[in-house]
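Student: I am new to this structure and would like a close look at one part of it. Could you then show me what surrounds that part?

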Amino acid sequence: MIHKVDARGLACPQPVLLTMEVIRSTSDSAIEILVDNEASRENVSRAAVTQGWKVDRSDELGEDFRILIKKT
Amino acid sequence: MTRRNIFATLGGIVAVGAIIGVVAPYLQNLGNPANMGICVACMERDIAGAIGLHRAGVVQYLRPEIMGFVLGALVAALLFREFKPSGGSAPMTRFVLGVVSMIGALIFLGCPWRAILRLAGGDGNAILGLAGLGAGVWIGTMFFRKGYSLGRSYRQTIATGLMLPLIMFGLLALRLIFPPLEGAEKSGFIFYSLQGPGAAYAPLAVSLAAGLGIGFIAQRSRFCTMGAIRDLILFKQFHLMAGFLALLIVALIVNIALGQFNPGFEAQPVAHTLHFWNFAGMLMAGLAFALAGGCPGRQLFMSGEGNSDAGVFVMGMIFGAALAHNWGLASSPAGLGEYGAVAFFVGLAVCLGIGFANLKKLKVESPVPDLAPLKNSKIKA
């Protein structure tokens, strides 16, 4: 199962906070986060890596970005 | 398309902090007020004076650095396809946070950038200001941990995204059409200071070039002094703090080299020695910056990216500067303004009220269905 988070339209630090919250609580081994700006994409990716997860893929999705992170 | 952004790396943010650390003391050397090579709050306050929103005679100048920050960020955002007009996340609340943050900054006498530059110039009072900033941001992080959010922003038209950059462009045009005239308090309908910090400024071309350059690299790197403290507290993330420290250390070295380093607490330029109020003013400002999601510099850079919520915050700061000087809320080297203490308690209550009123649980379940794997997928760490 992929845990999904929609952080579009949310300003920093909220996309990172939401991601960290899910990393701590989820039993899923993958999380997909939607963000709508490049800065959040960088921040979420950076935060995931510091939590010991890896950025599996990071795609543009129209005007938004989809980041898939996986437990290592 | 995933172009690698070198400014988003650790080396990138350190380089940006270091560049600002060189440019700011040189702006002072070339004419800007002491320990105020760059001060977003002070410079916006001077703009408020120049267009007559307040009439404090010593702080009136159309600072080209501010216009440069927004327009430089706009150019970077356009070049790297990051110009995304957005808005609608509690604009009125952001306006009020802008007002409160400016009043707090003017109780201390400087924004976070100037707090760092004051310390780098030897002003010990800045230690109290920075401690207050840290305390304010820390209170802000508690709200975020409890679910504080001003809600989502939405896509806006290009015209909406361009509003603040166009206002800055207009102000720049006014600076060119009505340049300061020798010994004149007014040029056209623009007010100029004949003495005090407002009369101290680097040449137009230098100020504008510095502003544009910093706006450009700060947009790329997401440099933010409030975010530096916030991310450290909230995530133990050191990234932005590296830029913050690079600015402090490099500015300190450049100040020493230029003979601009004068250590002490007494008789520091455009500063007072009221320890409690230096702390309290920045605490209030720091909390407002945290709740609004960016230091005053970052708000300008985000405005350049088309973020009209950040633009509304900037307008709130300019309005707050007018109130601070019209009502005697701003400090001066002589000490606290007549109503500065009252303004602090009201402002703090406003911030706490906004914080508590916006604690909510967001619905973040993604509405986007599973998609087939996309082409053009590259990993970007």
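Over which residues of chain B does pLDDT stay under 50, and how many contacts beyond four places in sequence does the model have for them?

Tutor: Happy to help! This is a predicted model, and the stretch you are asking about is residues 372-381 of chain B, where pLDDT stays under 50. For these residues the model has 27 contacts beyond four places in sequence. Where pLDDT is low, the predicted coordinates should not be read in detail. Please take those 27 contacts as part of the prediction, then, and leave their details aside.

Now for the rest of the chain. The average pLDDT of chain B is 95, and 94% of the residues score at least 70. For the complex, the predictor gives an ipTM of 0.93 and a pTM of 0.94.

Let us step back to the overall build. Chain B contains 15 helices and four strands. Along the principal axes, its C-alpha atoms fill a box of roughly 70 × 40 × 40 Å. The radius of gyration is 20 Å, which agrees with the value near 21 Å that a compact globule of 381 residues would have. Of those 381 residues, 59% are buried. Looking at contacts in chain B between residues at least 6 apart in sequence, 80% join residues at least 24 apart. The accessible surface comes to about 14400 Å², with 70% of it belonging to carbon and sulfur atoms.

Helix 10 of chain B gives us one element to follow inside this chain. Spanning residues 225-235, helix 10 is mostly covered, with nine of its eleven residues buried. Among the buried ones are Met226(B), Ile229(B), Leu234(B) and Phe235(B), and also the charged-type names Arg230(B) and Asp231(B). What do the buried residues of helix 10 pack against? Within chain B, their partners are helix 5 (112-120), helix 6 (125-145), helix 11 (239-257) and helix 12 (275-292), and from chain A comes helix 1 (14-25). Just after helix 10 comes Lys236(B), with a positive phi near 55 degrees.

Salt bridges also tie the two chains to each other. Glu60(A) and Arg81(B) meet through their side chains at 3.6 Å, N to O. Glu60(A) sits in strand 3 (residues 53-61) of chain A, while Arg81(B) sits in the loop between helix 3 (64-79) and strand 1 (86-87) of chain B, so the pair joins two chains. Glu60(A) itself is partly exposed, at 23% relative accessibility. Another link is a network of salt bridges formed by Asp6(A), Arg8(A), Asp64(A) and Arg152(B).

Inside chain A, Glu38(A) and Arg41(A) form a salt bridge at 3.3 Å, N to O. They are three residues apart in helix 2 (residues 38-50), or about one helical turn. An α-helix has 3.6 residues a turn, so residues three or four places apart point the same way. Both ends of this bridge are covered: Glu38(A) is buried with a relative accessible area of 12%, and Arg41(A) is buried at 1%. Lys54(A) and Asp56(A) form a salt bridge at 3.2 Å, N to O; here Lys54(A) is partly exposed at 38%, as is Asp56(A) at 21%. Over all chains, the count comes to 19 salt bridges.

Terms used. Residues numbered from 1 in each chain as written. Chains lettered and ligands numbered in written order. Heavy atoms only, no water. Buried < 20%, exposed > 50% of the residue type's maximum accessible area, 1.4 Å probe, protein only. Contact = heavy atoms within 4.5 Å. Salt bridge = Lys/Arg side-chain N within 4 Å of Asp/Glu carboxyl O. pLDDT = per-residue confidence, 0-100. Rg over C-alpha atoms; globule rule 2.2 N^0.38 Å. Areas by Shrake-Rupley, 256 points an atom, 1.4 Å probe, with all protein chains shown as cover.
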